Amino acid sequence: MSQKDPCQKQACAIQKCLQANKYNEKRCEDVIRAMRKCCEVHEKSVCCSGFVKEHTSKDRKT
């Protein structure tokens, strides 16, 4: 469990960008897009658990 979450870097980048831009999401679209890409690759990432996916698959259950 000491392994670092694969999307932690992107999650931190989102927080840093939002804080620097007074939580204006439009100014952080590039880092949010990077987070989405990471979450697509690492579906079981803890950092992605609360991240809204654009495309959800209801036919796949784990």
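This report describes the helices, the loop between them and the cysteines of one protein chain.

**Overall picture**

The structure is a predicted model. Its protein chain contains two helices and zero strands. The chain has 62 residues, and 23% of them count as buried. The accessible surface of the protein chain is about 5,600 Å², and carbon and sulfur atoms make up 50% of that area. Among the contacts in the chain with a separation of 6 or more, 44% are between residues 24 or more positions apart.

Confidence varies along the chain. The average pLDDT is 83, and 77% of the residues score at least 70. Over residues 55–62 the pLDDT stays under 50, and for this stretch the model has one contact beyond four places in sequence.

**Helix α1**

Helix α1 covers residues 8–20, which is 13 residues. From its first C-alpha to its last, α1 reaches 18 Å, close to the 18 Å expected at 1.5 Å a residue.

Which residues of α1 are buried? They are Ala11, Ile14, Cys17 and Leu18. These four lie on the same side of α1 because they cover an arc of only 130° around the axis. A general rule helps in reading such a pattern: an α-helix has 3.6 residues a turn, so residues three or four places apart point the same way. The buried residues of α1 pack against α2, which spans residues 29–41. The other side of α1 carries exposed residues, namely Lys9, Lys16, Gln19 and Ala20.

**The loop between the helices**

Two residues in the loop between α1 and α2 have backbone angles worth noting. Most residues other than glycine have a negative phi. Lys22, found just after α1, has a positive phi of about 50°. Lys22 belongs to the loop between α1 and α2. Is Lys22 buried or exposed? Its relative accessibility is 77%, so Lys22 counts as exposed.

Tyr23 is also placed in the loop between α1 and α2. Tyr23 is not a glycine, yet its phi is positive, at about 60°. With 52% relative accessibility, Tyr23 counts as exposed, because the cut-off for that class is over 50%.

**The disulfides**

How many disulfides does a search of the whole structure find? It finds three. The table gives the sulfur-to-sulfur distance and the torsion about the S-S bond for each pair.

| Pair | S to S distance | Torsion about the S-S bond |
|---|---|---|
| Cys7 and Cys38 | 2.0 Å | -95° |
| Cys17 and Cys28 | 2.1 Å | about -100° |
| Cys39 and Cys48 | 2.0 Å | about -90° |

The disulfide between Cys7 and Cys38 is left-handed. This pair links distant parts of the chain, with Cys7 in the segment before α1 and Cys38 in helix α2, 31 residues apart. Cys7 is buried, with a relative accessible area of 0%. Cys38 counts as buried too, at 9% relative accessibility.

The second pair is Cys17 and Cys28, joined by a disulfide. Cys17 is in helix α1 and Cys28 is in the loop between α1 and α2, so the disulfide ties together parts that are 11 residues apart in sequence. The torsion of about -100° makes the link of Cys17 and Cys28 left-handed. Cys17 has a relative accessibility of 14% and counts as buried. Cys28 is buried as well, with a relative accessible area of 0%.

The third disulfide is formed by Cys39 and Cys48. Its torsion is about -90°, so this disulfide is left-handed. Both Cys39 and Cys48 are buried.

When the bonded cysteines are numbered in sequence order, the pairing reads 1-4, 2-3, 5-6. Cys12 is in no disulfide, and the nearest cysteine sulfur, that of Cys47, is 7.0 Å away. Cys12 is partly exposed, with a relative accessible area of 45%.

Why does Cys47 have no bond to the closest cysteine sulfur? The sulfur of Cys47 is 6.6 Å from that of Cys48, which is too far for a bond. A disulfide requires the two sulfur atoms to be within 2.5 Å. Cys47 is partly exposed, with a relative accessible area of 27%.

Key. Residues are numbered from 1 along each chain as its sequence is written. This is a predicted model: local features need pLDDT of at least 70, side-chain atom pairs count only at pLDDT 80 or more; totals for chains, interfaces and linings use all residues. Side-chain values use heavy atoms; hydrogens and water are left out. The expected span of a helix is 1.5 Å times one less than its number of residues. Buried means under 20% relative accessible area, exposed over 50%, partly exposed in between (1.4 Å probe, protein chains only). The arc is that of the directions from the helix axis to the C-beta atoms. Contact means heavy atoms within 4.5 Å. Accessible areas come from the Shrake-Rupley method with a 1.4 Å probe; for residues, only the protein chains shown count as cover. pLDDT is the predictor's confidence in each residue, from 0 to 100.
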